[in-house]
Amino acid sequence: MKNRYRVEIYDANKNHDVTLFTNEKVDREYLSELVISNIKNFQGAVKAFAFDNIKKKKISAVLYDESVVDFLQKSAAKATKIKFELT
């Protein structure tokens, strides 16, 4: 079935909602990867849920506190500021 699983990610403000559809089963690891890859778009606490569209039930959830989100955003900012100097 096309788009069997639906992933919803939103922050405390609910201004930066992300909804993804996939055919692959979504476990906690994959859900965490999706949240971390989109962490720059969120502010405050982040909640992510995966739903099975056929069974009509929630199959996985990940909740990140505001302090964890701030830490991940700072870590991502540091990773992108690395300078390479050629000698």
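**Exercise 1.** In this predicted model, determine which strands helix 1 (residues 28-37) lies across, and at what angle it runs to strand 4.

*Solution.* Helix 1 lies across strand 1, strand 2, strand 3 and strand 4, and its direction makes about 50 degrees with strand 4. Turning next to the strands themselves, one finds an open sheet of 4 strands in the order 2-1-3-4, paired antiparallel. Strand 2 (18-22) and strand 4 (57-64) each have a single partner strand and stand at the edges, so one side of each is left without a neighbour in the sheet. On average, and with direction ignored, neighbouring strands are turned by 15 degrees against each other.

**Exercise 2.** Find the bridge partner of Ile9 in strand 3, and place Ile9 in the largest nonpolar core.

*Solution.* Strand 1 (residues 5-11) and strand 3 (residues 46-52) run antiparallel and are joined by 7 bridges; within this pairing, Ala48 is the bridge partner of Ile9. The largest nonpolar core has 17 residues, of which Val7, Ile9, Val35 and Val46 touch the most other members. Strand 1, helix 1, strand 3, strand 4 and helix 2 (66-80) each supply at least two residues of this core.

**Exercise 3.** Classify the ring pair of Tyr10 and Phe49 as stacked, tilted or edge-to-face.

*Solution.* The ring centres of Tyr10 and Phe49 are 6.1 Å apart and the planes stand at 35 degrees, so the pair is tilted. Tyr10 belongs to strand 1 and Phe49 to strand 3, 39 residues apart. For Phe49 and Phe51 the centres are 6.4 Å apart and the planes at 40 degrees, so this pair is tilted. Tyr10, Phe49 and Phe51 thus form one aromatic cluster.

Key: Residues are numbered from 1 along each chain as its sequence is written. This is a predicted model: local features need pLDDT of at least 70, side-chain atom pairs count only at pLDDT 80 or more; totals for chains, interfaces and linings use all residues. Side-chain values use heavy atoms; hydrogens and water are left out. Two strands pair if DSSP finds at least two bridges between them. Axes are lines fitted to C-alpha atoms, for helices over the stretch in contact, and angles run from 0 to 180 degrees between N-to-C directions. Contact means heavy atoms within 4.5 Å. A nonpolar core is a set of buried Ala, Val, Leu, Ile, Met, Phe, Trp, Tyr and Cys residues joined through side-chain atoms within 4.5 Å. Buried means under 20% relative accessible area, exposed over 50%, partly exposed in between (1.4 Å probe, protein chains only). Rings of Phe, Tyr and Trp (its six-membered ring) pair if their centres lie within 6.5 Å; planes under 30 degrees apart count as stacked, over 60 as edge-to-face and the rest as tilted.
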